[in-house]
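Please open the structure in your viewer and keep the selection tool at hand. The stops below are meant to be taken in order, each with something to select and something to look for.

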Protein chains: 2
Amino acid sequence: MPDTATRIMLAAADAFAEHGFPATTTRDIASRAGLSPAGVYVHFASKEVLLFEISRRGHARARDLLVAAAEEAPSPTAALRALVGGFSRWHAEHFQLGRIVQFEFRHLSGEHRAEVIGLRKDIDRVLADVLRDGVRTGELDVEDVQTTALALMSMAIDVARWYVPGGRRTPESIERTYGDLAVRLARGAG
Amino acid sequence: MPDTATRIMLAAADAFAEHGFPATTTRDIASRAGLSPAGVYVHFASKEVLLFEISRRGHARARDLLVAAAEEAPSPTAALRALVGGFSRWHAEHFQLGRIVQFEFRHLSGEHRAEVIGLRKDIDRVLADVLRDGVRTGELDVEDVQTTALALMSMAIDVARWYVPGGRRTPESIERTYGDLAVRLARGAG
DNA sequence: GTCTATAGAAGGATAGAC
DNA sequence: GTCTATCCTTCTATAGAC
């Protein structure tokens, strides 16, 4: 049994993913965590702080995943495949967390938003660096690195919006297909 | 000066795009439209009906745009470029409407959601048909038509999430770049 | 068709007992 | 650290005058 604070975060993540942040009530969160409405406030100062904690941890985990994938890959092409494939798979496996991270962002307070933006820039940079590496070695052919990186991130992020567990597409098949698509996109007409 | 119902819809679209549906108050909508809080209900039965009307019209316009682009194109490759480029540009030019259409969907009532889903299937089919056409003629090389269509739609739809007017990227440059990326993605290694 | 006023419900957060 | 009870605010939607 995880500790109470963790249970509350898991309950809140479920609720936020299902209804969105503003439409989620603290009563719903408390009830999912097996607490009274007041019980939440012993562990978190407000509903917004709860969103922030979930967002911060989610972003940090996604970033660590990407950095590790980039470092382990033997070539820019392999790194590109691992990055986009892995990020896409992550957004399928953790589609609830992904939705919160990507789509509830605007409901963070100014200060909290700024901190999360920093993590986002780290994430964007990892992919752009891989593309630049590949262009330098000649493996990849990309006209506009920034925009191509953005488009690839869009493909992966959007998985969280449409993914339904138990559907035709599995996280593994998404990883494979999206990794392939990324390489096709960045290798050009050959 | 547009009629009052239209003014209310425009005001609501602004507010929904800025705060999301649940966090938007009917008072805010009324105030933006230059009405008292009660004035809205003469024209729309509820806040949810307002969201539905905006969503329905937005989807229908996007669909008409795509169908027209597909019909006018002289070849599957040209159609693919026009479709993805045009859809991406639309999500930049109408990023507010795009956000509502794509990200406030879950707040529609069951009946209204079903009607919008029908429009979405039309939209998805247009792109999948173009890819299939191109595979048949041999112009395009796509392994999984459904998933490739989905990934291309993701690229375009996600523009509404990140686009900021007045930024480095214009709707025109997005149209060009994303149209090119789509062709690269579907033409394969050549 | 627009207003003022308000009903009626629900939500975020706190007080204070245990 | 958890509960019950509740404060206070805010919200959607309606009533009824004009």
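Which oxygen of DNA strand C lies 2.7 Å from a backbone N or O atom of B:Ser36? Select B:Ser36 together with DNA strand C, in what is a predicted model, and you will find that the partner of this backbone atom is a phosphate oxygen.

**DNA strand C**

Widen the selection to the protein around DNA strand C, where 16 residues surround the strand, and where the closest are A:Thr26, A:Tyr41, B:Ser36, B:Val42 and B:His43. Of the atoms of DNA strand C that come within 4 Å of the protein, sugar and phosphate account for 55%. If you colour this surface by residue class, five residues are nonpolar, eight are polar and three are charged.

Two side chains of chain A deserve a selection of their own here. A:Lys47 places a side-chain N or O atom 3.0 Å from a phosphate oxygen of DNA strand C, while A:Arg27 has a polar side-chain atom 3.0 Å from a base nitrogen of that strand.

**DNA strand D**

Next, select DNA strand D, which is surrounded by 16 residues, with A:Ser36, A:Val42, A:His43, B:Thr26 and B:Arg27 as the closest. Within 4 Å of the protein, 54% of the atoms of DNA strand D belong to sugar or phosphate, and the rest belong to bases. The surface near DNA strand D divides into five nonpolar, eight polar and three charged residues.

Three contacts with phosphate oxygens of DNA strand D can be shown one after another. A:Ser36 contributes a backbone N or O atom at 2.8 Å from a phosphate oxygen; B:Thr24 contributes a polar backbone atom at 3.0 Å; and B:Tyr41 contributes an N or O atom of its side chain at 2.9 Å.

**The two protein chains**

Now hide the DNA and show chain A beside chain B. A turn of 180°, with a shift of 0.0 Å along the axis, lays chain A on chain B with an RMSD of 0.0 Å, and the two copies are therefore related as by a two-fold rotation axis. Both copies use the same surface, in that 100% of the contact residues of chain A recur in chain B.

To see one meeting point of the chains, select residues 145-162 in each, which form helix α7 of chain A and helix α7 of chain B; these helices pack at an angle of about 95°, with their axes 8 Å apart. At that angle α7(A) is roughly perpendicular to α7(B). Among the residues making the contact are A:Leu150, A:Met155 and A:Trp162 of α7(A), as well as B:Leu150, B:Met155 and B:Trp162 of α7(B). By class, the residues of this contact divide into ten nonpolar, two polar and four charged.

**Inside chain A**

For the last stop, show chain A alone, whose secondary structure comes to eight helices and zero strands. Its C-alpha atoms fill a box of roughly 60 × 40 × 25 Å along the principal axes.

Within this chain, select helix α4 (residues 76-93) and helix α5 (residues 95-103), which pack at an angle of about 105° with their axes 5 Å apart, so that α4(A) is roughly perpendicular to α5(A). Here A:Trp90, A:His91, A:Ala92 and A:Glu93 in α4(A) meet A:Phe95, A:Leu97, A:Gly98 and A:Gln102 in α5(A), a contact with four nonpolar, three polar and one charged residues.

Note on methods:
Residues numbered from 1 in each chain as written. Chains lettered and ligands numbered in written order. Predicted model: local features only at pLDDT ≥ 70, side-chain atom pairs only at ≥ 80, totals over all residues. Heavy atoms only, no water. Axes fitted to C-alpha atoms, helices over the stretch in contact; angles between N-to-C directions. Helix = DSSP H or I, 4+ residues; strand = E, 2+ residues; numbered from the N terminus. Parallel < 35°, antiparallel > 145°, perpendicular 65-115°, else oblique. Contact = heavy atoms within 4.5 Å. Nonpolar A, V, L, I, M, F, W, Y, C, P; charged D, E, K, R; others polar. Near = heavy atom within 4 Å. Polar contact = N/O pair within 3.5 Å; in protein donor to acceptor, adjacent residues only side chain to side chain. Least-squares fit on C-alpha atoms with pLDDT ≥ 70 in both.
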